[in-house]
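I opened this entry to look up charged side-chain pairs. What I wanted was where they sit and what surrounds them.

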Amino acid sequence: MSARLLRRLLELLPTLLLLVTLTFAMLHAAPGGPFDSERALPEATRVQLEARYHLDQPLWRQYLIYLGDLAHGDLGPSYQYPDRSVAELIGAGLPVSALLGSLAMSLALIVGMALGIIAAMKPHRWQDRAVMVLAVGGLSIPNFVLAPLLILLMAVSLHALPAGGWSGRPQELLLPVLALALPQIATIARLTRAAMLEVMQTPWIRTARAKGLSERHVVLRHALRPVLLPVISYLGPAAAGTLTGSVVIEQIFGLPGVGRYFVLGALNRDYGLVLGVVLIYGTLIVLFNFAVDLLYARLDPRQRE
Amino acid sequence: MTTAPLLSVEQLCVAHRTPRGDVEVVSGINLQLEAGGTLAIVGESGSGKSQTALAIMGLNGPSACLTGRVLFDGENLLTASPARRRALRGARIAMVFQDPMASLNPYLRIGLQLAEVLETHRGASRSAAWAEAARTLDSVRVSAARERLNQYPHELSGGMRQRVMIAMAIIAGPQLLIADEPTTALDPTVQAQILALLDELRRDRGLAILLITHDLGVVSRLCEQTLVMYAGKLVESAPTQQLLSRPRHPYTAALLRARPSMQHPPGLRLDALPGQPPDLRQTMPACRFAPRCRYAQPDCADVPLQFERGVLCRHPL
């Protein structure tokens, strides 16, 4: 089992290599460079800087140098923050981003599944319609619209919560988590409702009822597990959505997470910083999907060997 | 008759509300079953036989509207509270379904699915329920019962799964077992074993059995009394042997003619009944079978029928 696990983990490496290569190519294809600015640098300084970061080398050499450093676990330097490495910058932002992301995912799972089950238990009644209206809303309002609306309501009008910033207080995360989770809540609620409605039609649910089990027992013990399967397979895409969403949300709420470095890095052509963030996020998503596969097999006895 | 029957269904009607209007799938069924007795309901798909069985269980679903009376041990189930119905279901009235693969939960261990019946109805402890589950599996002759408890349904053969279904139905010691097409999804040899098992349970445990089937061969092996349903109505009721040898309703006769037999000359086509059962949404003639009946007379379509001397027919055979 552990040997097979290791082999499957190694199989994930080509995916990450492809990710790095594509990102590298796209970054260098974008016009401009890290040291282009409104006030031109003196020619001598510019040449010196480019030589220091190997930017004077042909592109394929720069690529090999980056991969060589990467193989040693070195994400390289940041051009904008010369005194700190990319790894240090990401390390500084990751705790905030991880907290934001995991809270949003947990909230989405719990609330989304609960809403989906409630909707499926009362199909076409007001409970169902209310959840579906919420779900359509959550899916159609982009988070860069939702976040300012939340700020406007909760911070500007009601003065109930801070509009942004981060000093470690929990209430500062409430709005960002909500804004990040809402689209996922919507999707998970819809998935859960559809799966639940389907499962409740199966003959084995009829058998469970024929045994005289209470409706609660039928739902929690007999229906929930098959309903979990589609929700769990959605967790991979949900993680990806949450990570990309967090880039925007961190920017809006002024949270010092990895996403902000990504935005700044992309604007400043800070190649190393952008590559580093993409690589970390890519690894997270790939690992998350891998964990989802394992969990899926655990839940469905027919998938086990 | 001195004692009241275990099950007595009186003028049962089942209608389903659909977006295109109500459909009455069972129209005024009467039946009685003694404790320890056997009764078969025969009919083709859509005749209302399964809906009758589900009505006794109270499992027709939210779109169903039931009228009439279903008396179980003197108690009208149609007016009983949902909680009371749940207390009876699985404990005193149990049901076995057609497809044992689809009717067992594929995600849960066999043992859990058996034990939860006892945990629900008797408040049995987990360990006591699992021990009883093993004994019950053993009594329906599932080999290596103790190991089976930890298996999942997909690890068992079709016949084994149906034995598990039967074990699940009898584990709480019910008085009435409703078996809806219990052998249809099984091989012929396994069918015979399952029928023998049901017969044995009737003898040993005094279990009354209501068998729902379209297979007259199955009926002859298990049931004393047989009812024939057509388009939601009861068309004939007779002791099984008499029904098979001297059918009085033309529909019963047609069903018997349509059966393949060992004596049937090879190459000769089976005498299949022409036409289709009526669409229950349409208005039907007085005798719902008249349009397909080879003995139909001009008055069959118009004059209202009474169920008399075991048959619903103006011109019985």
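**Salt bridges, chain B first**

I started in helix H8 (residues 188-205) of chain B, where Asp199(B) and Arg202(B) are 3 residues apart and so separated by about one helical turn. Their side chains meet in a salt bridge, 3.2 Å from N to O. I looked up accessibility for the pair and found both Asp199(B) and Arg202(B) buried. I note here that the model is predicted.

I then asked how many salt bridges there are over all chains. The count comes to 18.

**Arg292(B) and Glu44(B)**

Next I looked up a pair whose partners are distant in sequence. The side chains of Arg292(B) and Glu44(B) form a salt bridge, with N to O at 3.4 Å. Arg292(B) lies in the segment after helix H11 (250-257) of chain B, and Glu44(B) in the loop between strand E3 (38-42) and helix H1 (49-57) of chain B, so the salt bridge ties together parts that are 248 residues apart in sequence.

Is Arg292(B) buried or exposed? Its relative accessibility is 11%, and because buried means under 20%, I entered Arg292(B) as buried. Glu44(B), with a relative accessible area of 22%, is partly exposed. The cut-off of 20% therefore falls between the two partners.

I went on to the other surroundings of Arg292(B). What does the side chain of Arg292(B) reach at 3.0 Å? I found the backbone oxygen of Gly275(B) at that distance. The pairing with Glu44(B) also appears as a polar contact between the two side chains, at 3.4 Å. Leaving out residues up to four places away in sequence, I listed what Arg292(B) touches: Glu44(B), Tyr230(B), Leu273(B), Pro274(B), Gly275(B), Gln276(B) and Pro277(B).

**Asp279(B) and Arg281(B)**

I also looked up the salt bridge between Asp279(B) and Arg281(B), in which the closest N and O atoms are 4.0 Å apart. Which accessibility class do its partners fall in? Asp279(B) has a relative accessible area of 34% and is partly exposed. Arg281(B), at 38%, is partly exposed too.

I then checked for salt bridges that share partners. One network of this kind joins Lys211(A), Arg221(A) and Glu116(B).

Definitions and conventions:
Residues numbered from 1 in each chain as written. Chains lettered and ligands numbered in written order. Predicted model: local features only at pLDDT ≥ 70, side-chain atom pairs only at ≥ 80, totals over all residues. Heavy atoms only, no water. Helix = DSSP H or I, 4+ residues; strand = E, 2+ residues; numbered from the N terminus. Buried < 20%, exposed > 50% of the residue type's maximum accessible area, 1.4 Å probe, protein only. Polar contact = N/O pair within 3.5 Å; in protein donor to acceptor, adjacent residues only side chain to side chain. Contact = heavy atoms within 4.5 Å.
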